[in-house]
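Please read the following report on pockets, salt bridges and a nonpolar surface patch alongside the sequence and the coordinates.

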Amino acid sequence: MALLDIENLGLAMTSFEGETQILHGIDLTIERGEIWGMVGETGSGKSLTGLSVSRLIPSPPGRYTSGAIRFEGQDLLQADEPAMRRLRGRRIGMIFQDPTTNLNPAFRVGTQLVDVALHAGRADPSVLGLAPGASARALKAAAKARAVEMLDHVGITNPAERIRSYPHELSGGMKQRVLIAMAMIGKPDLLIADEPTTALDVSVQAQILRLMHALVHERDIGVLLITHNLGVVAQICTHVAVMFRGRILEKGPVRAVLKHPSHAYTKALLDAVPRAHTKRGELRGLGGIDMEAAE
Amino acid sequence: MLFYFIRRVAMLVPMLLGLSLLLFVVARLLPGDPVGLAAGPNATPELIERLRAEFGLDQSLPMQYWTYLTGLVQGDWGQSVFTRRPVFEDLMTYLPATLELVIAALVIAIVLGIPLGLLTAVYRNGVLDYVTRTVALGGIAMPRFFLGLLLQLGFAAWLGWLPLAGRFPLIGFPPEHVTGFYTVDAVLSGDWEGLRLALAHLAMPAFAMSLSPLATIMRMMRASTIEVLQQDYVLTERALGLSSRLILFKYVLKNAMTSTLTIIGLYVSWLLGGTVLVETVFDWPGLGLYATQAILTQDFMPVIGVTMVIAMIYLVTMLLVDLLYGVFNPKVRYS
Ligand SMILES: Nc1ncnc2c1ncn2[C@@H]1O[C@H](COP(=O)(O)OP(=O)(O)O)[C@@H](O)[C@H]1O
Ligand SMILES: [Mg+2]
């Protein structure tokens, strides 16, 4: 059974101008171990596809007009809010674009990290290394320990101290590391990352991608990586889906799609990429796709 | 942080000094002859002269101010020419009554206003939102004393549920004096019947005073909550499975509080300044009634005393609000 199976997903959004069909029958299957890059121009529906999987589009304005989103066989479009909440943060992790606006500025990073860990631990105590039916106190202690451990794991030095920092005391790259820690602390099986490096300095982008790549490989999980950077796709994705105006134009293994783009649009996208191998040096050693071979 | 606090407290001193001087000058420049009024229509010129000397009014103005100022520091705030009672003692009698009223009004406004603001932001354009918005509009528009009169008419005259006015039954014995707050004193001495009576008397004037701050706090809270709910971090918190309750009452609340805090601070002075009418309507023996009495008899010292006390409370409140900012918004740096 596929980890995630999006089938003929249709989504309409209502605005003051009336209802517009945004997604026109999206089909996408993600297996464990696959890193799917989703590329396409701004407004093509990438973010709304990602948000649909976690059912984070309020209704109204959103309305699903067709299809199914099956997560390990369970149709999420039929799931109620409590069921979705049990999946979020535990089975499905999410990372968004701007680390500066995605951390709550009024709380220490540790508070937010511990709350997510607690939530995941309540859904499944084994996430925190506890037996089923663990006491609230044990959960809390384990969540705290796990938060420090996780910060260390995403490469934050002095995690026991850093956990007491407020977001504004951290750099952009550090904040994104914290957000990655938050997304991964519940040991999710599916990670959805919506342009996780777009808001970062170029020098930091590579580090963050390398970190995500390492975390994903450590555990056999599926990833939907939304980006508009084909260079990124070439470096760390196994598969790619090209979106255009709410449709997937083409999809498949990265090598095949980038080497033999069947759509004029994909070709245009590829042509727009500044010679991809100029970026390769930064990420050498990731075992990514060789762009020269793809050309 | 500590240094900032000390500096802020030190800055209060020149402010209060300036204020005391200003009040003193204004009070002396006003036309009127309090001693003549106090002595009565049949007083002989000799008697008036003697009284003027007794109150130090025959001395030069700078000398009078100096005497006043040194007294101020030592807890001698002058004397009422009318009752001959020391102003400071009077203030200590009436201040707790006013503070009890203001604090009760503020507590009502905060305890109802903040959750209502949060909830109407979440369920905006729902029934609750519609009803509270209408009431709030009325609450801001209606003068406090008028609302007080309406309450008296409804709850005291018609329904007979609450006492019409006063702070305690005239024939009853108020709880043993500890803080001067009847409700607190009743709890401290375990006098539950006293507590019930004190609360029954407090209910209407406190509510009449609370409606406007309640409405404003609610609207402020609603607006800032709506803004906070649209922030990216709320989406992240939802995406990682935190419950709506935790998100709203922990993560959103604290962010939305920052702007509401300023309003609350400003309302302290608004409430203090506004007690006069409400105290008059409800015959509440507080600073407002005391000041009214003093003004009508052109009695300087009590008027200056009341104003000084209100100014002190205002300045201290503003300092507290500034410090609380740091609690709600960690980005605030004290320097
Ligand atoms: N709340 C909304 N109401 C109406 N239309 C929306 C809303 N949010 C997004 N859209 C529209 O949906 C389309 C897809 O948006 P999005 O998924 O964010 O694109 P992408 O992430 O690919 O840039 C855009 O054309 C956008 O205008
Ligand atoms: Mg997007």
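The report below turns first to conventions, then to pockets, salt bridges and the patch.

This is a predicted model, in which local features need pLDDT of at least 70 and side-chain atom pairs count only at pLDDT 80 or more, while totals for chains, interfaces and linings use all residues. Residues are numbered from 1 along each chain as its sequence is written, chains are lettered from A and ligands numbered from 1 in the order in which they are written, and side-chain values use heavy atoms, with hydrogens and water left out.

**Pockets**

A pocket is an open set of points, on a 1 Å grid over the protein atoms alone, where a 1.4 Å probe fits, with protein on both sides within 12 Å along at least five of seven lines; its lining residues have an atom within 4 Å of a point. The largest pocket holds about 1000 Å³ of space, and among its 34 lining residues Leu56(A), Pro58(A), Leu229(B), Val234(B) and Arg238(B) lie nearest the centre. Helix H11 of chain B provides the largest share of this lining, four residues, and by class the lining has 20 nonpolar, five polar and nine charged residues. The second largest pocket, of about 430 Å³, is lined by 22 residues, and H4(B) gives the largest share, six residues.

**Salt bridges**

With a salt bridge taken as a side-chain nitrogen of Lys or Arg within 4 Å of a carboxyl oxygen of Asp or Glu, the structure holds 17 over all chains. Three of these are listed here.

| Pair | Closest N to O |
|---|---|
| Glu72(A) and Arg91(A) | 2.7 Å |
| Asp189(A) and Arg91(A) | 2.5 Å |
| Glu100(B) and Arg167(B) | 2.7 Å |

Arg32(A), Glu72(A), Arg91(A) and Asp189(A) are linked in a network of salt bridges. On the scale where buried means under 20% relative accessible area, exposed over 50% and partly exposed in between (1.4 Å probe, protein chains only), Glu72(A) is partly exposed at 32%, whereas Asp189(A) is buried at 9%. In chain B, Glu100(B) lies in helix H5 and Arg167(B) in the loop between H7 and H8, so the pair ties together parts that are 67 residues apart in sequence; Glu100(B) is buried at 5%, and Arg167(B) is buried at 7%.

**Nonpolar patch**

A nonpolar surface patch of about 1000 Å² includes Phe145(B), Trp158(B), Leu159(B) and Leu277(B); patch residues have over 30% relative accessible area and no salt bridge, nonpolar side chains being joined within 5 Å. Helix H7 (residues 144-158) of chain B gives the most to this patch, with seven residues, while Leu159(B) lies in the loop between H7 and helix H8 (182-188) and is partly exposed at 45%.

Definitions and conventions: Patches are made of residues with over 30% relative accessible area and no salt bridge: like charges are joined within 9 Å, nonpolar side chains (Val, Leu, Ile, Met, Phe, Trp, Tyr) within 5 Å. Accessible areas come from the Shrake-Rupley method with a 1.4 Å probe; for residues, only the protein chains shown count as cover. Helices (H or I, at least four residues) and strands (E, at least two) are DSSP runs, numbered from the N terminus. Grid points are joined across faces, edges and corners, and a volume is the space filled by probe spheres set on the points. Ala, Val, Leu, Ile, Met, Phe, Trp, Tyr, Cys and Pro count as nonpolar, Asp, Glu, Lys and Arg as charged, and the others, Gly among them, as polar.
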